[in-house]
Amino acid sequence: MPAPAYVAPARTSYDIIIIGGAVIGSSIAYWLTEQQQSGQSVLVVERDSSYEFSSTALSTSAIRQQYSNPINVKISQFGVELIRSFAERMAPFFPGEPAPDLGFKEYGYLYCTSPEGVDAARARVEMQRGLGAHTLWLDPGALKSRFPWLNVDDLGGGSWGSQAEGWFDSMGLLMGFRRAARARGVEYIDNAVTGITVAGRRATSVTLSTGEVIACGTVVNAAGPRAQQVSAMAGLSIPVAPFKRYSFVFSSATPIAGRMPNVIDLSGTFVRPEGPLFLTGNTPGDNGPADYDDFAPRHEEFEEAIWPALWHRIPAFDALKVQSAWTGHYEYNMLDHNGIVGFHPEVTNFMFANGFSGHGLQQSPAVGRGVAELICHGTFQTLDLSPFAYERIPANRPFME
């Protein structure tokens with residue numbers, strides 16, 4: 001892909017440099033301006049502010065509360081709270097024009113469950129409901145009654161998020177955070193970090209592709225799929241790599257009646273409505289990390305893996321036509337598929353906000369707030385995100401989801 005026209009920063013030193021300005025980086029920048037120490041100088045270094053190939057722009061833009069860890073449920077609950085109130089929160093930064101309405105479609109997630117997985121799924125539902133989620137357990141008969149187009153013959157049931165789950169405008173969230181942060185003095189530049197200087201136990205400066213060496217107080221790695229590339233510049237390592245995810249929009253000769261949730265099949269294939277069309281995809285395959293600039297589609301994925309799963313689960317999908325497709329990157333944490341959030345214990349001013357494994361968009365409000373709290377106060381003030389700390393990585397101690 002062609003390199004954008006890079007520009008230089010306005011200063012030679014910043015209190016905080018955030019590497020990566022997509023939704024995680026811009027959420028951190030916004031929440032930093034919400035803290036009492038908002039006088040800190042903040043620079044966001046973004047490789048390409050068109051975001052054409054960012055995980056945010058290429059995501060499927062959904063949020064759920066159906067997790068197996070309580071902290072992930074709470075993270076999403078805050079995300080829903082912010083999504084619902086986003087237009088009001090952003091209104092001061094959009095004078096004379098409408099603030100971004102994220103168009104939240106609360107149609108829910110429906111997780112299909114095998115007969116062998118019923119007990120574990122029921123336990124997850126009870127945990128989620130105990131935290132205030134609106135997850136419902138439906139046995140096969142109840143599933144068929146509520147969603148008559150669903151094949152339940154091989155299911156033990158399913159869990160359905162009846163409220164506060166669905167999909168929304170990912171770029172609206174990103175651009176709102178970005179605009180608010182810039183309005184409060186955060187500087188954004190199109191550039192790339194090519195080096196990080198570490199002296200003793202601190203990162204002292206970053207080098208940009210245009211040659212500038214910028215002194216820093218804190219460095220935040222919010223580089224998405226390039227997280228390991230940035231970590232390596234500081235002599236550090238995290239098990240995060242880009243994995244390709246293929247998404248397809250299709251039409252169906254047979255419509256689906258009623259309000260269709262985001263259906264997650266036993267195979268990992270998902271499908272949900274997009275107006276009169278449908279969006280589908282599956283979890284990244286085991287074909288190894290992709291090159292950072294490899295966004296080539298694999299159209300065979302639909303015929304070979306996705307369509308058979310769709311037709312089995314929803315027999316009305318017997319006549320489909322792909323209308324469009326794209327390829328995005330997951331920033332995959334190969335240890336445990338959960339985010340890495342917090343300072344490095346030895347390079348003590350190097351902050352990780354990486355490895356969200358497809359959950360970064362929905363987790364960005366709470367993660368951005370938590371990182372800002374940790375930088376400004378030295379501790380988490382709202383949600384305790386310490387289970388995501390870097391220390392579990394070298395200890396090979398997965399925090400599984």
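The expected span of a helix is taken as 1.5 Å times one less than its number of residues. In this predicted model, helix 8 has 14 residues and reaches 20 Å from its first C-alpha to its last, close to the 20 Å expected at 1.5 Å a residue. The helix nevertheless carries a kink of about 45° at Ile306, shortly before the proline Pro308. Its buried residues are Glu301, Phe302, Ile306, Ala309, Leu310 and Arg313, so that Ile306 is both the site of the kink and a member of the buried set. An α-helix has 3.6 residues a turn, so residues three or four places apart point the same way. The buried residues of helix 8 pack against a series of strands, namely strand 4 (109-113), strand 12, strand 13 (262-264), strand 14 (270-274), strand 15 and strand 16.

Helix 6 (residues 170-183) also has 14 residues, for which a span of 20 Å is expected at 1.5 Å a residue, and its end C-alpha atoms are 20 Å apart, in agreement with that value. Within helix 6, Ser170, Gly172, Leu173, Leu174, Gly176, Phe177, Arg178, Ala180 and Ala181 are buried. The buried residues of helix 6 pack against helix 1 (23-34), helix 2 (70-84), helix 3 (86-90) and helix 9, together with strand 8 (187-190).

These two helices belong to a protein whose secondary structure comes to nine helices and 18 strands. The radius of gyration is 21 Å, close to the 21 Å that the globule rule gives for 401 residues, so the protein is as compact as a globular protein of that length. Taken along the principal axes, the C-alpha atoms fill a box of roughly 65 × 50 × 45 Å. Buried residues make up 56% of the 401 residues, and of the contacts with a separation of 6 or more, 75% are accounted for by residues 24 or more positions apart. The protein exposes about 16,000 Å², of which carbon and sulfur atoms supply 50%.

Met351, which is found in strand 18 (residues 350-354), is buried, with a relative accessible area of 0%. When its neighbours within four places in sequence are left aside, Met351 is in contact with Val219, Val220, Asn221, Gly342, Phe343, Val371, Leu374 and Ile375. The C-alpha atom of Met351 is separated by 9.8 Å from that of Ser231, a residue 120 positions away along the chain.

Side chains of opposite charge can pair when their charged atoms come close. A search of the whole structure finds twelve salt bridges. One of them joins Lys244 and Asp294, with the closest N and O atoms 3.2 Å apart; since Lys244 lies in strand 12 (residues 240-252) and Asp294 in the loop between strand 15 (277-281) and helix 8 (300-313), the pair ties together parts that are 50 residues apart in sequence. Lys244 is buried at a relative accessible area of 15%, whereas Asp294, at 25% relative accessibility, counts as partly exposed.

A further salt bridge is formed by Glu304 with Arg298, the closest N and O atoms being 2.8 Å apart. Glu304 is exposed, with a relative accessible area of 53%, while Arg298 counts as partly exposed at 29% relative accessibility. The side chains of Arg392 and Asp336 likewise meet in a salt bridge, at 2.7 Å from N to O. This pair links distant parts of the chain, with Arg392 in the segment after helix 9 (360-377) and Asp336 in the loop between strand 16 (320-333) and strand 17 (340-343), 56 residues apart. Both Arg392 and Asp336 are buried. Elsewhere, salt bridges that share partners join Glu34, Arg89 and Arg184 into one network.

Attention may finally be given to the backbone. Most residues other than glycine have a negative phi, and most peptide bonds are trans. His337, which lies in the loop between strand 16 and strand 17, has a positive phi, near 65°, although the residue is not glycine. The relative accessibility of His337 is 30%, so this residue counts as partly exposed. A positive phi, near 50°, is also found at Asn396, again a residue other than glycine. Asn396 lies in the segment after helix 9 and is exposed, with a relative accessible area of 55%.

Key: Residues numbered from 1 in each chain as written. Predicted model: local features only at pLDDT ≥ 70, side-chain atom pairs only at ≥ 80, totals over all residues. Heavy atoms only, no water. Salt bridge = Lys/Arg side-chain N within 4 Å of Asp/Glu carboxyl O. Helix = DSSP H or I, 4+ residues; strand = E, 2+ residues; numbered from the N terminus. Buried < 20%, exposed > 50% of the residue type's maximum accessible area, 1.4 Å probe, protein only. Bend = angle between axes of the 7 residues up to and from the residue. Contact = heavy atoms within 4.5 Å. Rg over C-alpha atoms; globule rule 2.2 N^0.38 Å. Areas by Shrake-Rupley, 256 points an atom, 1.4 Å probe, with all protein chains shown as cover.
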